[in-house]
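Me: Please take a close look at one part of this model, the helix packing near the start of the chain, and at the empty space around it. Keep it plain and give the cut-offs.

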Amino acid sequence: MLAAAWEMQPGDTGLLLKIGALLAWFDHAEEYKALCRKALEIAKATDDLTTCERVAKICCLRAVDDPAWNQSVLALATQAVERGEKHMYLTYFKMAKGMAEYRAGQFEKAEATLAALSNPQSTSSLWLMPSFYHAMALHKLGRTDEARRIVELAIRQVHTPAPGDPNDQAHNHSADDLICRLACEEARALVKTTTRESAPLPHRVR
């Protein structure tokens, strides 16, 4: 239903974020890739930097073993940063760029981009998310102890139940919450931490 609504109003990037996050959350790989392909085509034809940033972010939620795909996403995120130097959402553009650099295998660049954005003690999903990507980049660079420390700190601040929780209603979470939790699970698996997170908060709708 949400996907059909977005088809009728493809300029609604907030809806795009939610749909992409839900598809990744429930591991609908083919539907997720199809959505990303459509979104990439739209982003290539727009001058709106927020659209570029959000499309790039959505395309980074899952690893895609396709160098051309990853370079296209990185180019989109880089464009938003380079052209949005004075934009009010420049910080978000940088987050997307760091995520895209990580997916493209540019781990040193990703680490440098995300280090300035990482805040593993934040209580906001939006600011925790780059912490997990930063940790994954550090791990890929062989700095595993640093990566584990960041993940262990950040996990304690995550309140969204893990994907697959039978009592969870994923559609009630914001896109930021879903994206943060997806990054949390990926980072935890990568650095092999078993830290227990805090108790889930009640579901909320934004």
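Reply: What follows covers three helix contacts, then a pocket and a cavity.

The model is predicted, so local features need pLDDT of at least 70 and side-chain atom pairs count only at pLDDT 80 or more, while totals for chains, interfaces and linings use all residues. Residues are numbered from 1 along each chain as its sequence is written, and side-chain values use heavy atoms, with hydrogens and water left out.

Two packed helices are described by the angle between their axes and the distance between the axes. Helices (H or I, at least four residues) are DSSP runs numbered from the N terminus. Their axes are lines fitted to C-alpha atoms over the stretch in contact, with angles from 0 to 180 degrees between N-to-C directions.

Helix H3 (residues 29-44) and helix H4 (residues 49-58) have axes that come within 10 Å and cross at roughly 160°. H3 is therefore roughly antiparallel to H4; angles over 145 degrees count as roughly antiparallel, under 35 as roughly parallel, 65 to 115 as roughly perpendicular and the rest as oblique. The crossing of H3 and H4 is left-handed, that is, the near helix is turned anticlockwise from the far one by less than a right angle. On the H3 side, the contact (heavy atoms within 4.5 Å) is made by Tyr32, Cys36, Ala39, Leu40 and Ala43. H4 contributes Thr51, Cys52, Val55 and Ile58. These residues divide into 8 nonpolar, 1 polar and no charged, where Ala, Val, Leu, Ile, Met, Phe, Trp, Tyr, Cys and Pro count as nonpolar, Asp, Glu, Lys and Arg as charged, and the others, Gly among them, as polar.

H4 also packs with H2, at an angle of about 5° and with the axes 10 Å apart. H2 and H4 are therefore roughly parallel to each other. Thr13, Gly14, Leu16, Leu17, Gly20 and Ala21 of H2 meet Thr51, Arg54, Val55, Lys57 and Ile58 of H4. That contact has 5 nonpolar, 4 polar and 2 charged residues.

H3 has a contact with helix H5 (residues 67-83) as well, where the axes come within 11 Å and cross at roughly 45°. H3 is therefore oblique to H5, and the crossing is left-handed. Lys33, Cys36, Arg37, Leu40 and Ala43 in H3 meet Trp69, Val73 and Leu76 in H5. By class there are 6 nonpolar, no polar and 2 charged residues.

Now the empty space. On a 1 Å grid over the protein atoms alone, a cavity is a set of points where a 1.4 Å probe fits but cannot get out, and a pocket is an open set with protein on both sides within 12 Å along at least five of seven lines; lining residues have an atom within 4 Å of a point.

The second largest pocket holds about 240 Å³ of space. It is lined by 14 residues, of which Met1, Leu2, Ala3, Ile19 and Leu23 lie nearest its centre. Helix H1 (2-8), helix H2 (13-25) and H3 each give two or more residues to this lining, which divides into 10 nonpolar, 1 polar and 3 charged.

Lys57 of H4 also lines the largest cavity, together with Ser125, Leu126, Met129, Asp176, Ile179 and Cys180.

Conventions: Points joined across faces, edges and corners; volume = space filled by probe spheres on them.
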